Structure formats: structure tokens, C-alpha cells
Amino acid sequence: MLLSFAPMEGVTNAEYRRVHRRFFPEADRYYAPFIAPDAGGRFKRSHLNALLPEANEGVTLVPQILANNAEAFLGAAETLAELGYTEVNLNAGCPSGTVVSKHKGAGMLGDAAELDAFLKEVFRRTPVAVSVKTRLGLHSTADFPTLLAVYRRYPLSELIVHARDREGMYQSKPDRAAFAAALEDAPWPVCYNGNVFTAGDLASLRRDFPALDRVMLGRGAVTNPALFRVLSGGEPLRREELRAFHDALLDEALQGGLPPVYALARMKEIWYYMIWLFPDSAKLCKALNKSRDLSAYRDAVSALFAQAAFDPAARFQGSLA
Ligand SMILES: Cc1cc2nc3c(=O)[nH]c(=O)nc-3n(C[C@H](O)[C@H](O)[C@H](O)COP(=O)(O)O)c2cc1C
């Protein structure tokens, strides 16, 4: 089973990926959060820096592009090819209102003919392999067969399917029945994504789809960074290991020159997920969230690790239906 780490903007940035790789090397590959090029294919310097090979040492990384204009996509792909990447991923799943209203991300799924025209131009000229991360549809998962018919016209290096429509955001129950169509005579590798949080979730997915050999993990892996190891039959996460991982993440952020207030904000974002491993820790968690400086934050983290119960088998439960 090939297990990949999902792109998560604001979470799985270059520092996170490097530290995760160092502590938990079992993920087969990482997908970078999207870059959004302008019409000429240029994108932010900070996004470029996060994709430089030296910022991702030891990490097998696939960059992701959010664009609905072939020139923009190809311009960015060209820059990424120059950096040494041999594959890029198209974001056809971002559900954010501002993205969808511009017919980007999941907004690309509303018009199959436009999607087809975009892919036609991209595959005519791309300097690198192109994979797609798609949802099942814009307004309905019933759109998926039409979208699949479009994807099947092109030599994708992989189709990653987040098994929800855009309306489902990150909450609806993944629609496994609709996802099944992706696997039927698929001309390219298919990767399943959506709510795989525990070994039990993976086992049930395998029962439903014995031929499935690729799964992408997002929130479950940020909650439990050892999830790749656990799903590969390895040891459960240990409390001290999580502490060391946490400390290394904070150090990496600070050493990278991030002002402490930003480093704290970043760490709190990660705690939104990791906190599920500490059941009944509401009070300690509140202190952590309220901390305004590094010293208060470090004290709150130490109290949490020292006093709260720890359940390495706990699952992510935030914003779920
Ligand atoms: C905070 C956050 C940021 C995300 N950023 C991206 C992104 O940049 N690109 C993308 O394709 N998906 C993004 N996603 C979606 C995830 O990659 C994944 O498809 C989704 O969380 C479902 O998988 P999961 O149930 O394993 O978390 C994001 C999700 C979250 C919660």
C-alpha cells in the first residue's frame, strides 16, 4: 500500500515535512500545499522557497498547482521542472468560496467541457508528469462519472480522489459507492483520500476495495504523526516521541526565522489536530490556546504532556458530521 501525506495549507509546510520525515519516515511521499500562479505562471517567492530541494531534503515531494488556465499551470510547471521536479499535481478539490467562485479548485468540476479543454492543453505541452487531486463533483457526487470520463482521456500519472463533493467541504461522509467508479478499469493509479484516521478505517477500506493500493492521509496524520507507521503494522505513537516531535517542530519554526508570535500560531494550528490524542484535556488545552508568548506556551505544553491522559489510538473528531 502506497501511503502519502495530503497537502494541508498552513500545516504541512516545508518545516513540518522535514521534521515529520525525520521522526516518522514511513510516509511514501508528501504533496505540498498548493501554489497559485498568476496568468504568466509566476508565483510567490515564499512558495518557491518552500519547494526548493534544499528545503525538502530527504522528502519525496509532489508540488501542487491551483490554476484553471493552462498558461498559468504550464508556466508554474516549467519553473518546478527547472527545480528538478518530475511530477506536479493539479488541485481540483479546494472548496473555499473565493477559489470556487473563480472556477478553480473544486470550481473546475462544475464544467466538464472546460476541464477537458484545460487538460487537453496541459497534456499537449507539459514538461512533467501531471497527477490530479479531485473531488467527486461540485454540487453532487453524481457528477463523478462525467468527470471520470474526462480524466480517462488523459495520461494522468495518478488520480487522487477526495471522496466528497464540494458541498461536503470536510464534513460529509465520504461517498465510497461513488468512489468505486474510479477503480473500474482505471487507466492510471488511483489513490483514495478522505477520513482514514485509524488502522480500522484502512482495514474497512481494504475490505471494500481489495484492489486499492494507494491511500492519502491528511487530518488523521496531523493528529497522529505516527499513523503511517501504525498503518504499516508498526508501533503505536509514544507520548515522549510526540513530545520530541513537537519540540523539533517549534525549534525548526524558530530557527527558520519565524517571529515567535507566528511560530506560536503555527503550533496552535497543529494542536487543533494533535489534541485529540489527549482525551479530557479541555482545561490544559485552553491554557495552551491562551498562551501569548513562548514561555507561557512551553509551560502549557509541558503541563499537557505531564498531566493529561494520552491515547495513541484516538481519532481526529474535529469538524466531522
Ligand atoms: C487545513 C487544511 C488545508 C488543506 N490544504 C489543501 C491543499 O493545499 N491542497 C489540497 O489539495 N487539499 C488540501 N486540503 C485537503 C486535504 O488534502 C484532504 O484532501 C482532506 O483533508 C481530506 O483528507 P483527510 O480526511 O485524510 O483529512 C486541506 C485540508 C485542510 C483541513
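Which residue in S8 is the bridge partner of Asn193? In this predicted model, the partner is Met216. That small pairing is a good way into the structure, so let us start there and work outwards.

## Asn193 and its surroundings

Asn193 sits in strand S7. This strand covers residues 190-193, and it pairs with strand S8, residues 214-217, in the parallel sense over two bridges. Is Asn193 buried or exposed? With a relative accessible area of 8%, Asn193 is buried, because anything under 20% falls in that class.

You can also look at what surrounds this residue. Leaving aside residues up to four places away in sequence, Asn193 touches Lys133, Ile160, Val161, His162, Ala163 and Met216. Met216 therefore appears twice in the picture: as a bridge partner of Asn193 and as one of the residues in contact with it.

## The barrel

Now step back to the whole sheet. How many strands close into the barrel? There are eight, following the order S1-S2-S3-S4-S5-S6-S7-S8, with parallel pairing. On average, neighbouring strands of this sheet are turned by 30° against each other, with direction ignored.

Two other neighbouring pairs can be followed in the model. S3 and S4 are joined in the parallel sense over two bridges, and Ile65 stands opposite Leu90 in S4. S5 and S6 also run in the parallel sense, with five bridges between them. Here Arg135 stands opposite His162 in S6. His162 is also one of the residues that Asn193 touches.

Some of these strands are well covered. All six of the six residues of S4 are buried, so the rest of the structure largely encloses this strand. Try tracing its two faces: Glu87, Asn89 and Asn91 are on one side, Val88, Leu90 and Ala92 are on the other, and all of them are buried. S6 is mostly covered too, with seven of its seven residues buried.

## Helices on the sheet

Helices lie against these strands. Helix H1, residues 14-23, lies across strand S1 (2-5), strand S2 (29-35) and strand S3 (61-65). Its direction is at about 175° to S2. Helix H6 (residues 144-151) packs on the sheet as well, where it touches strand S4 (87-92), strand S5 (129-137) and strand S6 (159-165). The direction of H6 makes about 170° with that of S5.

## Helices beside helices

Two packed helices are described by the angle between their axes and the distance between the axes. Here are two such pairs.

| Helix pair | Angle | Axis distance |
|---|---|---|
| H3 (residues 70-82) and H5 (residues 112-125) | about 30° | 9 Å |
| H5 and H6 | about 20° | 10 Å |

How should we describe the directions of H3 and H5? With an angle of about 30° between them, H3 is roughly parallel to H5, because angles under 35 degrees count that way. H3 passes H5 in a right-handed crossing. At their contact, Ala70, Glu71, Phe73 and Leu74 in H3 meet Phe118, Glu121, Val122 and Arg125 in H5. By class, this contact has five nonpolar, no polar and three charged residues.

H5 and H6 are roughly parallel to each other as well, and their crossing is right-handed. Ala112, Leu115, Asp116 and Leu119 in H5 meet Thr146, Leu147, Val150 and Tyr151 in H6. The classes here are six nonpolar, one polar and one charged.

## Two residues in loops

Finally, look at two loops. His103 is found in the loop between helix H4 (97-100) and H5. Its phi is near 60°, a positive value in a residue other than glycine. The relative accessible area of His103 is 45%, so this residue is partly exposed.

Asp280 lies in the loop between helix H12 (260-274) and helix H13 (282-290). Phi of Asp280 is near 60°, again a positive value in a residue other than glycine. Is Asp280 buried or exposed? At 81% relative accessibility, Asp280 counts as exposed, because the cut-off for that class is over 50%.

Key
Residues are numbered from 1 along each chain as its sequence is written. This is a predicted model: local features need pLDDT of at least 70, side-chain atom pairs count only at pLDDT 80 or more; totals for chains, interfaces and linings use all residues. Side-chain values use heavy atoms; hydrogens and water are left out. Two strands pair if DSSP finds at least two bridges between them. Helices (H or I, at least four residues) and strands (E, at least two) are DSSP runs, numbered from the N terminus. Axes are lines fitted to C-alpha atoms, for helices over the stretch in contact, and angles run from 0 to 180 degrees between N-to-C directions. Contact means heavy atoms within 4.5 Å. Buried means under 20% relative accessible area, exposed over 50%, partly exposed in between (1.4 Å probe, protein chains only). Angles under 35 degrees count as roughly parallel, over 145 as roughly antiparallel, 65 to 115 as roughly perpendicular and the rest as oblique. A crossing is left-handed if the near helix is turned anticlockwise from the far one by less than a right angle, and right-handed if clockwise. Ala, Val, Leu, Ile, Met, Phe, Trp, Tyr, Cys and Pro count as nonpolar, Asp, Glu, Lys and Arg as charged, and the others, Gly among them, as polar.
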